Every structure is written in C-alpha cells, then in structure tokens.
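Visitor: Could you take me on a close look at the aromatic rings in this structure, and at the backbone spots around them? I work with geometries every day, so please keep the angles and distances in.

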Amino acid sequence: MYRRIVCFCLLVLCAFTATAQKEVYRWYFGYNAGINFNTTPASLLTDGQTYTREGVATICDGATGDLLFYTEGSTIWNAKHQIMPNGTGLQGDPSSSQSGVVVPFPGHPGQYYLFTTMTDKGFRYNLIDMALDNGMGDIVPGTKNIALLSNNLSTEKIGATRHCNGKDFWVITHAVGSADYYVYLVTSAGVSAPTVYTTGSVIHSGGWEEAGVLKFSDDGGTLVHTLAALKQGQMSKVDLLKFNNSTGVISAPFETLDVIFPLGSDFSSDGKLLYVVSMNYLSWSRIYQYDLTAANVNASGVIVANVMAPLQIGGIQMGPDRRMYVGYDENGNGYRYVGLIHKPEVKGSACNFEQDGMDMDPTGQGLRRTSVCFPTFVRSFLYVPADFSVSTVCGGKSTFKLVNDAGVTSVLWDFGDGTTSTQLSPDHLYTSNKTYTVKVSVTAKCSTNEKTGEVVIEDKIAIAVDKFICDGSTYVLPDGKTINAEGTYVSTIKRARSNCDSVITTTVKFWPAYNKKEDIILCTGQQYQLADGRHVSASGTYVSSFKTYQGCDSLFTTTVKVVQPVDFTVSNICEGKPTFKLVDEAGITGVLWDFGDGSTSTEMSPEHIYASEHTYTVKVVVTGRCSNDEKIHQVLSDGRIQRFVSPSICMGDNYVLPDGTPVNTAGTYVTTLKRVVSGCDSVITTILKLLPVYKIKEAVTICSNQSYQLPDGRRVNSNGTYVSSLKTYQGCDSIITTTVKVLLAAYKEAFDTTCNGRAYTLPDGRQVFSAGDYTTTLTSVNGCDSIILLHLAVKDKPQVSIEQDICLFNYKPVTVVVQPGYQYLWGNGSTSNTQVIRYPGTYRVSVSNECGVTALQTVAKDCAIDLYVPNAFTPNGDGQNDVFRLRTPHGQVLLEFRIFDRWGAEIYVSTDVLRGWDGTYNGAPQPVGSYVYFIRYKNIDGEEKMLKGAVHLLR
C-alpha cells in the first residue's frame, strides 16, 4: 500500500523559545523600502519613511507582527509612520552601518530600549513607552540620548541577543582604538554598567574599520565581528568568537578570516554556515560562504555571489522566512531589487543565490529602492528550537527534522502511534491510514521546548477515464490543461489533506464530423438555394450546419461566384506579338476571337502577330456562361524606336539626358520614353565623353613685406587661396590654384619672474633689474622678424603673518593657518601650511620661496572658557587695578554687566566685554565700600553663565 505523509504544525505548548515571535516581521529600510513577513511569501511594504543608505532598526508586536516603531538612528516613526513627538535629534546616524537596535525592557510590558551608536557621537540609549502619545509611543522624558560610551570611543557596530534565562538581554558594542568589547546586561532593573572584554582585532581610527557589523547566531552562542578595512579595497579581518549568554563572557576568537573589505555578515539558521560580504570598490563585490564545522574555517570559504561595479553588495540578513536577504547600492542611489539566498543552510552554489530576487519598485517609477543595510535586531527572536518539518514519499518512510538544531542537546519525538525516538532527525514508517498527532520535546542549553502537529496518512488513487469528443473541439483535463488531439493523458493532482497523488488517466477519442464543399457560378440577377434552404444572389462562401446523431457538426460549404459581362485585356503590343486574355474565364465553354485583320481563333488566350502598324477592331464572342456574350476593343499595333547620340562635355560640366536626368561622368546611358498614342517605348542610347580639364596646385610662402604674381598676372600680398582660370584649345578650363602664406613677424608674449635685486637676462642678452615690459626683435631662419614681448615681475620673499597670541580652551587644539603657496618648516619638522597646537608654548615656522625666508612665531597659552572678576579694585589713578573689569576675555560674549550701590541703585551698565567700571557715577567718584555686581554672558562653548557678588572699592 502506497502512502504519503504531510505535516501541519498546529500548536505550540511551551515557553518563549517555542512561541511565535514576530518582533521582526516588518522591515523598513533604504529609500522608502519595506518587506512584510506576515504574508507567505513575503510582500512589499509601501508606506515606509526611511531615506537612508545604511543602518536602521524596526520592532513589531511579538504576537501579531503589527508595527510598533522604526528608526534610522536619528528619527523615530510610529506605527502610523508619523514622527514621535520627542522622536528627533537622536545621537545615532543614518550613515552608521548599525545605527540602532531595539530591545524589550524586561518586566515592563510595552516599554523598549532603543540603543544607538555612531563614530564620534557615542553609544547611547533611549527608553520608549508605547503607552505615551495615545498608545502610539514616545521617548520617556529624561531618558533621551543617555550616554553609555563616550564619543571618542564609539563605532558603528552594535549587537544584541537574549539571555539564557529567557527574560533578559545582552547588548554589546566595540570601542575604537582598542580590542575592547563593552557588554551590557538589560534586566527589569534597567541597563547595567558595562563589562569590558579585550580580545580579537583592534579597530584603528582614521579609516573604515569603525564600519562593519556585530552579529550573533540564532542561539546566541557565536559572535561575528567584521572590520571593513583602513582603506577601501584592502584586506581586513573577520573575527569569530564564542559568547556565553549566561554570563556575558566573550572568548578569544576561535577563527579569524582574511577578507577584502568585509562589511555585512550573517549566520545560517542552524549556525553551521557564515556568509560574509567582500567589497572591492569600483570593481566587484562578493558573498563568501564559510563552513563553521570545518577544521580550517578560513580555508573553507567559497564564493556564492559575485556582482560587478557599479552594482555593489553591502548588507546581508536572515529573514523570518529562513531566506537570506541581500542589500545593494548602485552609484550611491540604492537599487531596485533585493537579492535572495533561497537555501542558506545548503553548502556552496546550491544555496541558490538570486541577484534580483525581490522587486522593491514593480512600477519602475523609482519610488522605493533597497540600500546596503537591513534592520538590526535581536537575532534570537528567530530562534525557535522546537519548530520541525516532515518530508515524505507516499508509500515510503517519513523523515522528521528540526528547523533549527543549533544549541540543541537532546530531543524526544512522539510519533502518535505509540512509538518514540531520540534521534535528531529520525525516519518513521506508519502502518495505517489515519491522522496522527506528533509531539517533539527539545532540550537546549537554556530551555526545554515542546511543539505538536498533525500528520495525515492516505493512499495513492489511480483512475482511468475514456472520453469521446467531436473532431475539432477541445477538452479540459482534471489538472486544468486543455487538449484538442486524440491520445492518452495522465494528470497528477495533489490531495489537500495528505498531499498524496491522485493519478487520473484520460483516453480521448474523436467522433467524426462531416464536411462537404461545392462551387456555384451565377450570372448577374440569378439566385441559388443553399442546403439549409436559404437563397443567395451574391458572391461569397456560405456554411450550412447540421448535427450528427452524436451531436457533432456536419458542415456544407457553398462557394458562390457571380460573374460579370465578358471582357478581355491585351498585352505585349510593343513587342509586336499581342496576347489576348479574358478577364474572367469562369463558366465559359467556348470562345471565338476576331482580330480585325481577317484572322480568327478559338483558343482561350491566343497570341496574334499583325502584319503592319495600324488600329484594329478586335471582337470576342463566348458561350456556355449565362448566354452568348461578346466584347469589342480597338487595338493599336505599334513597335519600339531606338536611337544613338554621342555628345562631349568638359570635365565638371553636366549633360541633360532626354528624360531630363543630369549626368557628369563618361559612360553609356539608355533612356526609355513612352509614346503618347501607343504607349510603346522610344529607346535613346547616349554615349557621353568627357574632355580633360587641367587642375594645378601650388603653394607659395612670402614675408609680410613682399607680394607674389599669380599665373593670371595679379599680384597678391595676403594669405589666401587664389584661382587662376585659363582656357584649353577645346574650350575647357585649366585651373591653377595658388595657396599664398604670408609669414608675419613672429610675435611671442611671455611672462616671467625674478627676485628683487637679481639681474634678469633678456633674449637679446640685455640684463635688467626692475619689473616692466621688455621688447626684443630677432631674425628668424626664413628671414622674417621675430618679436618677443616679456612681462617681467619682481618677486619678494614671502610676505605672510600669523596670530601672535593663541588661546587654548580646555586643552582643545587650535589650528594655525599660514597663507598657502610657499614652502614651510615648523619647529617639529612639519612642512604643512597648517599646524595643530594642543599645548602652551612658542611655535616657530620658516616660510620660504625662491627669493628668501620669512620667520614667524606665535605664543600659545591656556585660556579659560569662562569670565572672572576681582573682588576689589583701587581707582586712584596709579595705573594699577584702577578699573573693575572682566578678566580673561578671549571671545566670550557679554550680555549685560550691571553694578548697584548699597541702596540698590544702578550706577553702571555695559555690554562691552573690554570695558569696566572706573569707580564713578555721572563723573563723580563713588565712596569706598562694597558694591553689588550682576554679570550675564556666553562662554566660549556658547553656554549662558551668570556672575553675582560684591566688589570692594578701595582708595
């Protein structure tokens, strides 16, 4: 008995690891692009608002797959694709390869941490509460851009996975300038302080190594880290490390891969294969597949995708449908398609890479395009160890297989018929046709999970059918195919419950259909009765249909032709052998021709030769059609005329042939003209000869003060081409073309520079010392003058300057710029026209050119960013501490400076940071005592500050 088994997974019975997790079932990325994994197959999303080339993050409701919010690192959009009220100004960045990741806040339903990262912007978090903004979500006040890692350490990389306890999460990033991984634990208490693990490759600053990705395998046990490269197209590293999702410990790399500019990377669902994108800008980009079970992982790499510039692969990401999605860029504008690896668990090219796997813009209007990055998310959202599938052949054994066996330590299968198995992928043969409930219990490192599903066992069905149809008709087979020929056809149909085959064999035979045809000739005015009783009187094809006793059509086709009165045509008159032909011979049984010269013929289409050129009356009489009929025509018997002419013309002239055609080359030309009366040809043969015309060219060179006499006697003294025409004895032109070139006095204008005080030698040997315009006249080799005008400029040594004093605020460097265009030598050996000053001191630079050296120096000193005032002053005119003013002004902006006496009266006000109070009011010295001051200003960093207090006036 043949059987087929099909499995339908119906019920999930255990904890989070076996619960449908749809947190990442909607992706928004690239240029308004999106993919919806809530449908099978995945479908397009057309409402996204992202417009970015790189990193994004998306989060959905884990039970329904409905969108909650998404971001590109700087802006957050809610489920209505509107910007959250507090959702702008985030410190991630759309140009970060992993600009953010969303992690649920354990123990706080509806709350999520959004972590962001970007080079020089820090590693930060924001807390989003979906209860805010009427259930659309917003950032909780006071939790925006909370710094976890300083700006000078952050990179573009971030990764997240679930804790082994099934509740908490691990979030990691990598610092620049070191091999430090920062590991954070997210619990119901919030985000922990980081644990730092120093291992693997160092991320060097100043290149592209800060770009790349950090990604976990589905079970959270393996971590991949790609370092793009210091320079585009260079060889770089990909580190593979083990991660303990119970303790957060990152072990030393168990393998380091050598890859040219690696960027995107991801694991197959079972964690056994790794995919890495390699980019060689302006040339190619590739996807390498590595076998993580191989003894030498680095040597196991094979190319499974290869595209050529300008198209470039960037990101690669596993989807909830277990297909790998590939992102592209083309000339910085994204790309219309998303690539697909259909079977990422299969080794080599059998993984089935499809370059243009999913059309993001089916209309072709450029509305949506992919980019080099897909959303970063908690990869363990895709980890459901108890998911299983069944493959079977009807009548054979069934093979059960876990969808993802990564991290699985043991498994127990219950096949529903009283038998069990502990094999990872067991085979099982059922003995009865029925529906079985299959249960699998999976024990992984962190949990035990169960899942059940139904298996339907049924037999194959084979049916034979005989079918008769009318010849010429069609028949639709059970599988939907339409056929129109006799034969035996086999249709195989899958049954809905069991997926087993129903095989239906259909033998098709024809009932005969009868067809009869007849041709009828009618004269004008006659009728004919068709087989179905209709009467017709016009030419045409008429079909009369009848049914046979089997119901098939029998057709009687009548072709009716209505003939017109007799007529004939005459051809070949001009050849002297006219041919006579009836226009329509249908129905004619006899014919008599009278050619008008006493000759006759009874042939249907006779030829006749006339003895002389003349007009003859030709008559034809026919019998057998309608009634005796006749027709008379006048026929002119004529012949051809031929004539020869031999004209001569000068070369270059035209000759007009008898038919009006102009010609200008020697040859024989035949012109055929029709005579008006008979229509016969007159043939004129023209033999045309050409008389020679002599053409001579000469080139003459003269100086500007000379002239030249042409062959026709004219004298010329300017550049040009001159034509002299003479006649030969046959009257044709002899043409002499003279090209005259006048050599002008050669003139050259030159510019040069000499240093002040140095002698400069002119082309004629003279020496000069000052700037000016100097003219030198020389004689060229052809005897004409050459004039050189030199514009001489006098150049001094560098006339440059720099700031004499420089302030350093809070150890922030200052760049000193010297006017460009010279050679430079700083005290530290630098030869740039700029110098970055970080520390107090005296800095000297020598600026030189070919005319000398100018020495410059500047003094750098520490300056405060804020303003200060003394607590006393002595306005006694001794020149020391006479004015109460702000100290250390170095660019601060004074908003107001007010002084009040002891009774609260305002006696001084100013906004000039350099002024101060001289101890007078309205010109009168004020008494010794204490005075209150109020100062408001902006410091060097633009922060508004206040100073309040009392100052003592002493004398």
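Guide: Happy to, and we will go from the ring pairs to charges over rings, then to the backbone and one sheet.

Please keep in mind that this is a predicted model. As you know, two numbers describe a pair of aromatic rings: the distance of the centres and the angle of the planes. The structure holds 33 aromatic pairs. Let us start with Tyr31 and Tyr51, whose ring centres are 4.8 Å apart. Their planes stand at 75°, and with over 60 degrees counting as edge-to-face, that is the class of this pair. The two tyrosines are 20 residues apart and link distant parts of the chain. Tyr31 sits in the loop between β2 (26-29) and β3, while Tyr51 sits in the loop between β4 and β5 (57-60). Is each partner buried or exposed? Tyr31 has a relative accessible area of 7% and is therefore buried, since buried means under 20%. Tyr51, at 56% relative accessibility, counts as exposed because the cut-off for that is over 50%.

The next pair is Trp170 with Phe243, and here the centres are 6.0 Å apart. The planes meet at 80°, so this pair is edge-to-face. Trp170 belongs to strand β15 (residues 169-174), and Phe243 to the loop between β21 (235-242) and β22, so the contact ties together parts that are 73 residues apart in sequence. In this pair, Trp170 counts as buried at 6% relative accessibility, and Phe243 counts as buried at 4%.

Further along the chain, rings gather in a group. One aromatic cluster is formed by Phe873, Phe884, Phe897, Tyr908, Trp917, Tyr931 and Tyr933.

Some rings also have a charged side chain over the face. Lys242 lies over Phe254, at 5.0 Å from the ring centre. Arg286 does likewise over the face of Trp284, at 3.6 Å from the ring centre.

Now for the backbone, beginning with another aromatic residue. Phe261 has a positive phi of about 40°, although it is not a glycine. Its place is the loop between β22 (255-260) and β23 (262-267), and with a relative accessible area of 2% Phe261 is buried. Asn922 is also not a glycine and has a positive phi, of about 55°. Asn922 lies in the loop between β81 (920-921) and β82 (924-925), and at 72% relative accessibility it counts as exposed.

Two cis peptide bonds are worth a stop as well. The bond from Thr40 to Pro41 is cis, with omega near 0°, and Pro41 is in the loop between β3 (33-36) and β4 (43-44). A cis bond also joins Ala309 and Pro310, with omega about 10°. Pro310 is found in the loop between β26 (302-308) and β27 (311-318).

Let us finish with a sheet. Three strands form an open sheet in the order β65-β69-β68, with mixed pairing. The edges are β65 (746-755) and β68 (772-779); each has a single partner strand, so one side of each is left without a neighbour in the sheet. From one strand to the next, the twist averages 25°. Strand β69 (residues 785-795) runs antiparallel to β68, and eight bridges join them. For one of the residues involved, Leu778, the bridge partner in β69 is Ser786.

Key:
Residues are numbered from 1 along each chain as its sequence is written. This is a predicted model: local features need pLDDT of at least 70, side-chain atom pairs count only at pLDDT 80 or more; totals for chains, interfaces and linings use all residues. Side-chain values use heavy atoms; hydrogens and water are left out. Helices (H or I, at least four residues) and strands (E, at least two) are DSSP runs, numbered from the N terminus. Buried means under 20% relative accessible area, exposed over 50%, partly exposed in between (1.4 Å probe, protein chains only). Rings of Phe, Tyr and Trp (its six-membered ring) pair if their centres lie within 6.5 Å; planes under 30 degrees apart count as stacked, over 60 as edge-to-face and the rest as tilted. A charge sits over a ring if NZ of Lys or CZ of Arg is within 6 Å of the ring centre and within 35 degrees of the ring normal. Two strands pair if DSSP finds at least two bridges between them. Axes are lines fitted to C-alpha atoms, for helices over the stretch in contact, and angles run from 0 to 180 degrees between N-to-C directions.
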